[in-house]
Amino acid sequence: MYTTGIRIRTLGELRESHIDFDSLHLNLDGSTLKNHKFLKLPINESVNYLV
């Protein structure tokens with residue numbers, strides 16, 4: 001949450017399929033987000049390590 005700024009509800013709905021480990025991005029589709037728009041967020045190496 002701290003590095004990406006996503007909401008708690010979005011974090012609860014996050015699945016492994018949303019995480020792109022190769023390019024270090026979260027690919028969130030509209031069904032997961034409040035505004036129903038696609039969102040691509042970068043994650044850093046420390047978040048990748050925790051996952």
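# A tour from the salt bridge to the sheet

Start by selecting arginine 9 and glutamate 13, whose side chains meet in a salt bridge with an N to O distance of 3.3 Å. This is a predicted model. The salt bridge count comes to 1. Color the two residues by accessibility: arginine 9 is exposed, with a relative accessible area of 51%, while glutamate 13 is partly exposed at 26%. In general terms, side chains of opposite charge can pair when their charged atoms come close.

**Helix α1**

Next select isoleucine 8, which is in helix α1. The helix covers residues 8–12. Isoleucine 8 has 64% relative accessibility and therefore counts as exposed, the cut-off for that class being over 50%. For a sense of distance, draw a line from its C-alpha to that of proline 42: the two residues are 34 apart along the chain, and the atoms are separated by 17 Å.

**Threonine 32**

Go back to arginine 9 and glutamate 13 and add threonine 32. Leaving aside neighbours within four places in sequence, threonine 32 is in contact with Arg9, Thr10, Glu13 and His18. Both partners of the salt bridge, arginine 9 and glutamate 13, are thus in that list.

Where does threonine 32 lie? It is in the loop between β2 (25–28) and β3 (39–42). Is threonine 32 buried or exposed? Its relative accessible area is 3%, so it is buried, which requires a value under 20%. Show the side chain of aspartate 29 as well: a polar contact of 2.7 Å joins it to the side chain of threonine 32. To place the loop against the start of the chain, set a C-alpha to C-alpha distance between threonine 32 and threonine 3; they are 29 residues apart in sequence and 18 Å apart in space.

**Histidine 18**

From threonine 32, step to its contact His18. Histidine 18 is in the loop between α1 and β1 (19–20). With 9% relative accessibility, histidine 18 counts as buried. Beyond four places in sequence, histidine 18 touches Glu13, His25, Leu26, Asn27, Leu28, Asp29 and Thr32. Four of these, His25, Leu26, Asn27 and Leu28, are the residues described along β2. Aspartate 29, in the polar contact with threonine 32, is also among the residues touched by histidine 18.

**The sheet**

Switch to a cartoon view. An open sheet of 3 strands appears in the order β1-β2-β3, with antiparallel pairing. Its edge strands are β1 and β3, each of which pairs on one side only. Strands of a sheet pair through backbone hydrogen bonds, either parallel or antiparallel.

How many bridges join β2 to β3? There are 4; select histidine 25 to find one bridge partner, proline 42 in β3. On the other side, β1 and β2 pair over 2 bridges, and isoleucine 19 stands opposite leucine 26 in β2.

Now show the side chains of β2. Leu26 and Leu28 point to one face and are buried, while His25 and Asn27 point to the other and are not. That is the pattern of a regular strand, in which the side chains alternate between the two faces of the sheet.

**Two loop residues with positive phi**

Select leucine 24, in the loop between β1 and β2. The hairpin of these strands has 4 residues between them, and leucine 24 takes a positive phi near 55° there. Leucine 24 counts as buried at 15% relative accessibility.

Then select histidine 36, in the loop between β2 and β3. Its phi is near 60°, a positive value in a residue other than glycine. Histidine 36 is exposed, with a relative accessible area of 62%.

**The nonpolar core**

Finish with the largest nonpolar core, and select its 8 residues: Ile6, Ile19, Leu24, Leu26, Leu28, Leu33, Leu41 and Ile43. Leucine 24, from the hairpin of β1 and β2, belongs to this group, as do the two buried side chains of β2, Leu26 and Leu28. In soluble globular proteins, nonpolar side chains tend to be buried together.

Center the view on leucine 28. Not counting residues up to four places away in sequence, leucine 28 touches Ile6, Thr10, Leu14, His18, Leu33, Lys37, Phe38, Leu39 and Leu41. The list includes the core residues Ile6, Leu33 and Leu41, and His18 from the earlier stop.

Note on methods
Residues numbered from 1 in each chain as written. Predicted model: local features only at pLDDT ≥ 70, side-chain atom pairs only at ≥ 80, totals over all residues. Heavy atoms only, no water. Buried < 20%, exposed > 50% of the residue type's maximum accessible area, 1.4 Å probe, protein only. Contact = heavy atoms within 4.5 Å. Polar contact = N/O pair within 3.5 Å; in protein donor to acceptor, adjacent residues only side chain to side chain. Core = buried A, V, L, I, M, F, W, Y, C linked by side-chain atoms within 4.5 Å. Pairing = 2+ DSSP bridges. Salt bridge = Lys/Arg side-chain N within 4 Å of Asp/Glu carboxyl O.
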